[in-house]
Amino acid sequence: MKVEIWSDVMCPWCYIGKRKFEKALEQFPQKDRIEVEWKSFQLNPDMETDPSKNIIEYLVEAKGITTDHATQMLDNVTNVAAEVGLEYHMDKAVLANSFDSHRFIQFAKKNKKGDEAEEQLFHAYFTEGKNTADHDTLVDLGVKIGLDAGAVKSVLESNQFAEEVRKDVYEAQQVGARGVPFFVLDRKYAVSGAQQSETFLGALQKSFQEWEKENPAPIQTYAEGDSCTTDGVC
């Protein structure tokens, strides 16, 4: 059964949601029959990459809030992240347009490395304070997950996977995602936000129960012995 997750690299709740969903999936008995696919979503497609400006300054300017309010918001999400074992350094986060990082994810998905790409990007952005719009940074992250450096560089220097990113963004509108993280299970049930693991587990159980009726598990051989086959061999 497929679970699709729309997220953006610069969304702190997406990394937290990833951990909470992973905890639920680990507890799910049929986890080996779950396929997770990460989908692209841009919270601010018009954002200009600016390593000289920090997140607090951005929030003050973009949201029209005070510095104290912005600081409190970041402290809150940092504390919640710590509860699920994540170390956030929001003061180091680099303002970066996420379009190229999403193209990188799409390339990684094609090479069966989608989840690894998401993990590396989240860690680079929220923990290490790296510029996730920088092509050299993305190439390094690609090498970490086993992708060829030259291939990653070639993708980033071209316009490859741009259409795949735009398609995911369009699909998000079709399934009702107005924010991220947004989890869609078997294209029937949606879970919005970084919910508790118990909520994710309940959604997995309900959706899988319905999916399994139409997709029963294949019969597994318990024992084999002497027999006759249709080709006449006994």
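Helix α2 is followed by Gly-64, a residue with a positive phi, near 70°. The model is predicted, and the positive phi of Gly-64 is a value computed from it. At the other end of the helix, Asn-54 provides an N-terminal cap for α2. A side-chain oxygen of Asn-54 lies 3.1 Å from the backbone nitrogen of Ile-56.

Between these two ends, α2 spans residues 55-63, and its buried residues include Ile-55, Tyr-58 and Leu-59. These residues lie on the same side of α2, because the arc they cover around the axis is only 95°. What lies over the buried residues of the helix? The cover includes α3 (67-83) and α5 (114-127).

The strands can be taken next, starting with β1. This strand runs over residues 2-7 and is mostly covered, with five of its six residues buried. Strand β1 pairs with β2 (residues 35-40) in the parallel sense, and six bridges connect the two. Within this pairing, Val-3 stands opposite Val-36 of β2, and Glu-4 stands opposite Glu-37 of β2. The connection involves helix α1 (residues 12-27): β1, α1 and β2 together make a right-handed β-α-β unit.

Strand β1 also has a partner in β3 (residues 182-185). Here the strands run antiparallel and are joined by four bridges. Trp-6 of this pairing stands opposite Phe-182 in β3. Thus β1 pairs in the parallel sense with β2 and runs antiparallel to β3.

Further along the chain, Gly-193 sits in the loop between β4 (189-192) and α9. Is Gly-193 buried or exposed? Its relative accessibility is 19%, and buried means under 20%, so Gly-193 counts as buried. Beyond its neighbours within four places in sequence, Gly-193 is in contact with Pro-181, Phe-183 and Phe-200. Glu-164 is 29 residues from Gly-193 in sequence, and the C-alpha to C-alpha distance between them is 23 Å.

Helix α9 covers residues 197-214 and contains Ser-207. The relative accessibility of Ser-207 is 1%, and therefore the residue counts as buried. Where does the side chain of Ser-207 reach? It comes to 2.7 Å from the backbone oxygen of Ala-203. Apart from neighbours within four places in sequence, the contacts of Ser-207 are Met-1, Leu-185 and Tyr-189.

The last topic is the nonpolar interior. The largest nonpolar core has 66 residues, and those with the most contacts inside it are Tyr-88, Phe-104 and Leu-204. Which residues does Phe-104 touch, not counting residues up to four places away in sequence? They are Ala-117, Leu-121, Leu-138, Leu-141, Gly-142, Ile-145, Leu-147, Val-152 and Leu-156.

Conventions:
Residues numbered from 1 in each chain as written. Predicted model: local features only at pLDDT ≥ 70, side-chain atom pairs only at ≥ 80, totals over all residues. Heavy atoms only, no water. Buried < 20%, exposed > 50% of the residue type's maximum accessible area, 1.4 Å probe, protein only. Polar contact = N/O pair within 3.5 Å; in protein donor to acceptor, adjacent residues only side chain to side chain. Contact = heavy atoms within 4.5 Å. Core = buried A, V, L, I, M, F, W, Y, C linked by side-chain atoms within 4.5 Å. Arc of directions from axis to C-beta. Pairing = 2+ DSSP bridges. Right-handed = clockwise from strand over helix to strand, strands pointing away.
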